[in-house]
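I opened this structure to make notes for someone who has not seen it before. The entries follow the order in which I looked things up.

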Amino acid sequence: MLAVTGVSWSAAARRILDDVTCVVPAGSLVGLLGPNGCGKTTLLRVVARLAAPDAGLVTVGGDDVATLPRVTLARRAALLAQHADTDLDLTVGEVVLLGRTPHRGSRWSDSAADRAAAADALARVDLAGYADRRWHTLSGGERQRVQLARALAQQPLLLLLDEPTNHLDIGHQLHLLHLVRRSGVTTLAALHDLNLAAMFCDAVVVLAAGRVVAAGTPAEVLTPGLLADVYGVRADVAAHPATGRPAITYHPPAP
Ligand SMILES: Nc1ncnc2c1ncn2[C@@H]1O[C@H](COP(=O)(O)OP(=O)(O)OP(=O)(O)O)[C@@H](O)[C@H]1O
C-alpha cells in the first residue's frame, strides 16, 4: 500500500535520509522508531510530498506520489504533524471539517456527508460534544485528539502520524493507538514509546542517522541488543504475559 524505495533527502549539505526502503502493507500499522533526529519526521514529510526526495520513489496504492495530482494525494493520505496548531480562531468542529477539504471539490459549503464524517471522527476520539468549543481553549491532549479527528474525517487510505501520543495521558495513548489499529487504515506512525509500539504495531522500522537499521515484527526487532546499539540503553525484554508481545523494562544509566 505504501512503499518507500531508496529514498534519500539532504539539507544543509547533510544527508538526513540515506537510501531508505520500507513498506507499510495495506491495513497494517507500522511504527517508525529511532532516536531524536534520526529522520522520522523527514520521512513522513517526504511520503506526504511536503519534501521532495533527492533520490528514490514513494508509492501510495501503487502510484508514484511525485506525479499524483495534489488533490488525489490529499484524499489518499492524511498527515498528523508533530506540532499541529492553528492561529485562526476556529471551533473544534471547524478544525475537524478542514479534513474534508480534499473531498469538497468546488463546493463552498459542507455537505451532510462532511458533517457526518466530522461528527463520527470526533466521537471516535472521545470528544463528542466538543464541536462548538474554541480551539485555543483546549488542553494539549485535547488538541492532539482533535487533530487525529481531522485526519480521520479525511477518510484517507493512508494515515501518517508523527508522535500521535504526544501530550496524551496513558489512558488516551492506549485508546488512540487502539483506535488507529482498529480503524483498519494503513498507518505509518513515528513513535517514541517502544512498549506502545510493541503492543500495537504489526511491524516496526528503526531508523538511525537516516538509515534503516532494522525492520520486522516488534518481537524480531525490539531486542536488548538493538536497544543498546540504537538508543544506547540497557533493557530487558520479556514476553508480555497477556499478549506475548515484547515488554521492555529499562535499566537506569550506569553511574
Ligand atoms: N530543513 C532542514 N534543514 C536542516 N536540517 C534539517 C532540516 N529538516 C530536518 N533537519 C535535520 O534532520 C535531522 C532529522 O530531523 P527529523 O525531524 O526528521 O528527526 P526525527 O527523527 O523526527 O526527530 P525527533 O524524534 O526529535 O522528532 C535532524 O538533525 C534535523 O535537525
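The notes below go from confidence and overall form to one sheet, the ligand and one residue.

**Confidence.** I noted before anything else that this is a predicted model. I looked up the mean pLDDT of the protein chain and found 93. I also found that 98% of its residues reach 70 or more. For the model scores I wrote down an ipTM of 0.97 and a pTM of 0.93. I keep one general caution in mind: where pLDDT is low, the predicted coordinates should not be read in detail.

**Overall form.** I counted secondary structure in the protein chain and got 10 helices and 12 strands. I then took the extent of the C-alpha trace along its principal axes, which is about 60 × 40 × 30 Å. Next I checked the radius of gyration: the protein chain has 19 Å, and this agrees with the value near 18 Å that a compact globule of 255 residues would have. For burial, I found that 38% of the 255 residues are buried. I also looked at contacts with a separation of 6 or more, and 66% of them join residues 24 or more positions apart.

**One sheet.** In what order do the strands of the open sheet run? I read the order as β2-β1-β4-β5, 4 strands with antiparallel pairing. The edges are β2 (14-24) and β5 (63-64), each of which pairs on one side only. I followed β1 (residues 2-11) to its partner β2 and found 7 bridges between these antiparallel strands. Across from Ser-10 I found Arg-15, which is in β2.

**Ligand.** Which residues are around the ligand? I listed Ala-11, Ala-12, Ile-16, Gly-34, Asn-36, Gly-37, Cys-38, Gly-39, Lys-40, Thr-41 and Thr-42. Sorted by class, this shell holds 4 nonpolar, 6 polar and 1 charged residues. I asked which element gives the largest share of the shell. Helix α1 (residues 40-47) does, with 3 residues.

**Glu-163.** I located Glu-163 in the loop between β7 (158-162) and α7 (170-183). Is Glu-163 buried or exposed? I put it down as buried, because it has 20 C-beta neighbours inside 10 Å, and 20 is the number at which a residue starts to count as buried. Leaving out neighbours within four places in sequence, I found Glu-163 in contact with Gln-82, Ala-190, Leu-191 and His-192. I also checked Gly-93, which is 70 residues from Glu-163 along the chain. The C-alpha atoms of Glu-163 and Gly-93 are separated by 23 Å.

Methods
Residues numbered from 1 in each chain as written. Predicted model: local features only at pLDDT ≥ 70, side-chain atom pairs only at ≥ 80, totals over all residues. Helix = DSSP H or I, 4+ residues; strand = E, 2+ residues; numbered from the N terminus. Rg over C-alpha atoms; globule rule 2.2 N^0.38 Å. Buried ≥ 20, exposed ≤ 12 C-beta atoms within 10 Å, placed from the backbone. Contact = placed C-beta atoms within 7 Å. Near = placed C-beta within 6 Å. Nonpolar A, V, L, I, M, F, W, Y, C, P; charged D, E, K, R; others polar. pLDDT = per-residue confidence, 0-100. Pairing = 2+ DSSP bridges.
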